[in-house]
Amino acid sequence: MTPWPGSITAITLFVDDLAATRSFYLDVFRLPILFEDANSAVFRFDNTMINLLKSSEAVSLIEPAAVAAAQAGSRLQLTLDVEDVDAMCAELTGRGVRLLNGPMDREWGIRTASFQDPGGHIWEIAQPLA
């Protein structure tokens, strides 16, 4: 039996414009699509799948909870470890990504920068400070 809690295997992100968000993930993360249909596109980040799901299809997935609009503000941040935040920022901006903040040293011992996908989800890249 798998111990509770197990690892997170999938995260579903609700998106209003699947085509734009799908293209963003292909261009920025450069990962192949694991699964795709008219309502979703799934990418594998190591051991975790990120499922981009049309917001209109998310209603039945989470009801009776409501699907918030992207303009409501962010309520999560996804973090990816990198070896060199500054170098990755340069690479990401070269891919057309607009940074929200950073690179900056955080008081808790990491260097970070953040950006947003077309669905409004916040991504952070992070490296431990020496």
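Here are three short exercises, with worked solutions, on a predicted model.

**Exercise 1.** Work out in which order the four strands of the open sheet are arranged, and which strands stand at the edges.

*Solution.* Start with the order: the four strands run β1-β4-β3-β2 across the open sheet, and their pairing is mixed. Next, look at the partners. β1 (10–15) and β2 (33–36) each have a single partner strand, so one side of each is left without a neighbour in the sheet, and these two stand at the edges. To finish, add the twist: neighbouring strands are turned by 20 degrees against each other on average, direction ignored.

**Exercise 2.** Describe how β3 and β4 pair, then find the helices that pack on the sheet.

*Solution.* Begin with the strands. β3 (residues 40–45) and β4 (residues 48–54) are antiparallel partners, joined over six bridges. Within this pair, Val42 stands opposite Asn51 in β4. Now turn to the helices. Helix α1 (residues 18–29) lies across β1, β2, β3 and β4, and runs at about 20 degrees to β3. Helix α2 (residues 55–62) also packs on the sheet, where it touches β1 and β4; its direction makes about 110 degrees with that of β4.

**Exercise 3.** Locate His121 and decide: is this residue buried or exposed?

*Solution.* First find the place: His121 sits in the loop between β7 (110–116) and β8 (122–128). Then use the cut-off for buried, which is under 20% relative accessible area. His121 has 11%, so His121 is buried. Now check the surroundings: leaving out residues up to four places away in sequence, His121 touches Leu13, Phe14, Val15, Phe115 and Gln116. With Phe14 there is a further detail: its backbone oxygen lies 3.3 Å from a polar atom of the His121 side chain.

Note on methods:
Residues numbered from 1 in each chain as written. Predicted model: local features only at pLDDT ≥ 70, side-chain atom pairs only at ≥ 80, totals over all residues. Heavy atoms only, no water. Buried < 20%, exposed > 50% of the residue type's maximum accessible area, 1.4 Å probe, protein only. Polar contact = N/O pair within 3.5 Å; in protein donor to acceptor, adjacent residues only side chain to side chain. Contact = heavy atoms within 4.5 Å. Pairing = 2+ DSSP bridges. Axes fitted to C-alpha atoms, helices over the stretch in contact; angles between N-to-C directions.
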